[in-house]
Amino acid sequence: MKKIIKNGTIVTAADTFAGDVAIENGIITEIGLNLQGEGAEIVDASGCYVFPGGVDPHTHLDMPFGGTVTADDFETGTIAAAYGGTTTVIDFCLTSKGLPLQQAVNTWHEKSQDKAVIDYSFHLMVSELNDTVLAELPQIIENEGITSLKVFMAYKNVLQADDGTLFKTLQAAKKEGALVMVHAENGDVIDYLVSTALAEGNTDPIYHALTRPPELEGEATGRAAYLTELTDSQLYVVHVTCAEAAWKIEEARKKGLRVYGETCPQYLVLDQTALEKPDFEGAKYVWSPPLREQWNQDVLWKSLWNGSLQTIGSDQCSFNFKGQKELGLGDFSKIPNGGPTIEDRFTILYSEGVEKGRISLNKFVDIISTTSAKLFGLFPQKGTIAVGSDADIVIFDPAVQRTLSAETHHMNVDYNAFEGFEVKGEPVSVLSRGEFVIRDKQFVGKAGAGKYLQRKRFGTAPVVPAKAEISGGVV
């Protein structure tokens, strides 16, 4: 059925204007004033912003880690995402050395089939790059539309790849038109620091942060950037937490390198003192890289404002405090890494960013949706409100004031990382390809309605070139 969203303020990465949006067969068909349509359903957006649906480039749903599995799967996780204003997620396929890449992709298709309520896609982890993997990789990119490759520089003896693997992955990505993503921490030194801390009897959650200092994130980020320069490839640094890493990305971009950076809501509003909470409660805030000293938040916000960092991912990786985080009682290294963030990503960036004057309304849309769609081969199908684009739309009430809490969130986890946080703004209704998933703050979607998205190769949509950045803004 045709729908017309009327009386709202439409906001894209480039424009803000009053107007109506007409939708038919899941696609935006017309944008203008006083649109008419016989028999169309009228959706009143008075007093609200009409945003493109959020694109979350970094989630871990139904993921095994540390002897357990994340509490949110593709059903509960995407329902929570939709409540929060996100209409597309890109999750990570974890591979195993010696096994075909296609086997890992098939596993993630099985995990998501008939569960996702919004559209989704996959990144592919690369743990080794031998002749067999090199021969299979082009087929995965072409047949599955997976055009982003993840390399871990940390989690020694579990997920970590060596520098040779990263270098060869960058070479292959340059040839095949893929974007290489790195978890940038020096895993070898971290492994030594963790062993030393435990040998000295330092077992509390705060030592998770103290054994992963920001210098090791900065070093790994710089190392990855140099390898990117050497291969003339393209790099995306996930979950940037600190000044040391942000500055390395800024330095690379000033050289004109195709290096991009993502941060996460937790690093913008929480700090290292959360891991010091008594009675093991600090374990709730154990993720990697860890939370940093509070002053880093100002650097991250400035980097988002001036374009040195371009996106915000949730890094959703939820584990219950009871029974899962507690696996690390007496040994911080056994606390499952990750937190529940998928539902609050959108509102935290709006409330802390737009409402507090740190970023503009258009920059908000760019960070929360548009640039991720461009970098990961989904634009203009996703990431904007334009004729011909998918009708992924968020009707957002900026006047609502509310408190984030586990009592009211929709994630399948027993705590909220932002418990008690006062925010302004709330998604009222969310449409995915023209169909309501959330309507008047109620879930009306359906498991399995989300579609798997095959993505275009890197470089199909232009992003702001690195050298266009200047101190204090983007020209």
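Is Ile 28 buried or exposed? In this predicted model, Ile 28 is buried, with a relative accessible area of 1%, and its position is within strand S3, which covers residues 27–32. Leaving out residues up to four places away in sequence, Ile 28 touches Val 21 and Ala 22 on one side of the chain numbering, and also Ile 385, Ala 386, Val 387, Gly 388, Ser 389, Asp 390, Ala 391 and Ile 393. With the last of these residues, Ile 393, there is a separation of 365 residues along the chain, while the two C-alpha atoms are separated by 9.8 Å.

**Confidence of the model**

The chain has a mean pLDDT of 96, and 97% of its residues reach 70 or more. Over residues 470–475, however, the pLDDT is below 50, and this stretch has 13 contacts in the model beyond near neighbours in sequence.

**Two helix pairs**

Two packed helices are described by the angle between their axes and the distance between the axes. Helix H7 (residues 214–231) and helix H8 (residues 243–254) have axes that come within 7 Å and cross at roughly 20°. That angle is under 35 degrees, and H7 is therefore roughly parallel to H8. The crossing of H7 past H8 is right-handed. On the H7 side the contact is made by Pro 214, Glu 215, Glu 217, Gly 218, Thr 221, Gly 222, Ala 225 and Tyr 226, and these meet Glu 244, Ala 245, Lys 248, Ile 249, Glu 251 and Ala 252 in H8. Sorted by class, the residues of this contact comprise six nonpolar, three polar and five charged.

Tyr 226, one of the H7 residues in that contact, counts as partly exposed because its relative accessibility is 48%. Apart from its neighbours within four places in sequence, Tyr 226 is in contact with Glu 251 and Lys 255. The C-alpha atoms of Tyr 226 and Ala 252 are separated by 8.2 Å, with the two positions 26 residues apart along the chain.

The second pair consists of helix H11 (residues 345–354) and helix H12 (residues 361–375), which pack at an angle of about 150° with their axes 10 Å apart. Since an angle over 145 degrees counts as roughly antiparallel, H11 and H12 are therefore described as roughly antiparallel to each other. H11 passes H12 in a crossing that is right-handed. From H11, the residues Arg 345, Phe 346, Leu 349, Tyr 350 and Val 354 take part, and in H12 they meet Leu 361, Phe 364, Ile 367 and Ile 368. The residues of this contact divide into eight nonpolar, no polar and one charged.

**An enclosed helix**

Why is helix H1 described as largely enclosed by the rest of the structure? Eight of the ten residues of H1 (residues 74–83) are buried, so the helix is largely enclosed in that sense. The buried residues are Phe 74, Gly 77, Thr 78, Ile 79, Ala 80, Ala 81, Ala 82 and Tyr 83. Their packing partners include helix H2 (101–112) together with the strands S9 (86–93), S10 (119–125) and S17 (422–432), and S18 and S19 are also among them.

**Backbone features in loops**

Most residues other than glycine have a negative phi, and most peptide bonds are trans. The table lists four places that depart from this pattern.| Site | Backbone value | Loop |
|---|---|---|
| Ser 288 to Pro 289 | cis, omega about -5° | Pro 289 between helix H9 (265–269) and helix H10 (296–306) |
| Phe 379 to Pro 380 | cis, omega near 5° | Pro 380 between H12 and strand S16 (393–403) |
| Asp 62 | phi near 50° | between strand S6 (54–59) and strand S7 (64–65) |
| Asp 440 | phi near 50° | between strand S18 (435–439) and strand S19 (442–443) |

For Asp 62, the phi value is positive in a residue other than glycine, and the description of Asp 440 likewise gives a positive value in a residue other than glycine. As to accessibility, Asp 62 is buried, with a relative accessible area of 17%, whereas Asp 440 is exposed, with a relative accessible area of 52%. The loop that holds Asp 440 lies between S18 and S19, and both of these strands pack against the buried residues of H1. The loop that holds Pro 380 lies between H12 and S16, and H12 is the helix that packs with H11 at an angle of about 150°.

Notes. Residues numbered from 1 in each chain as written. Predicted model: local features only at pLDDT ≥ 70, side-chain atom pairs only at ≥ 80, totals over all residues. Heavy atoms only, no water. Axes fitted to C-alpha atoms, helices over the stretch in contact; angles between N-to-C directions. Helix = DSSP H or I, 4+ residues; strand = E, 2+ residues; numbered from the N terminus. Parallel < 35°, antiparallel > 145°, perpendicular 65-115°, else oblique. Left-handed = near helix turned anticlockwise from the far one by under 90°. Contact = heavy atoms within 4.5 Å. Nonpolar A, V, L, I, M, F, W, Y, C, P; charged D, E, K, R; others polar. pLDDT = per-residue confidence, 0-100. Buried < 20%, exposed > 50% of the residue type's maximum accessible area, 1.4 Å probe, protein only.
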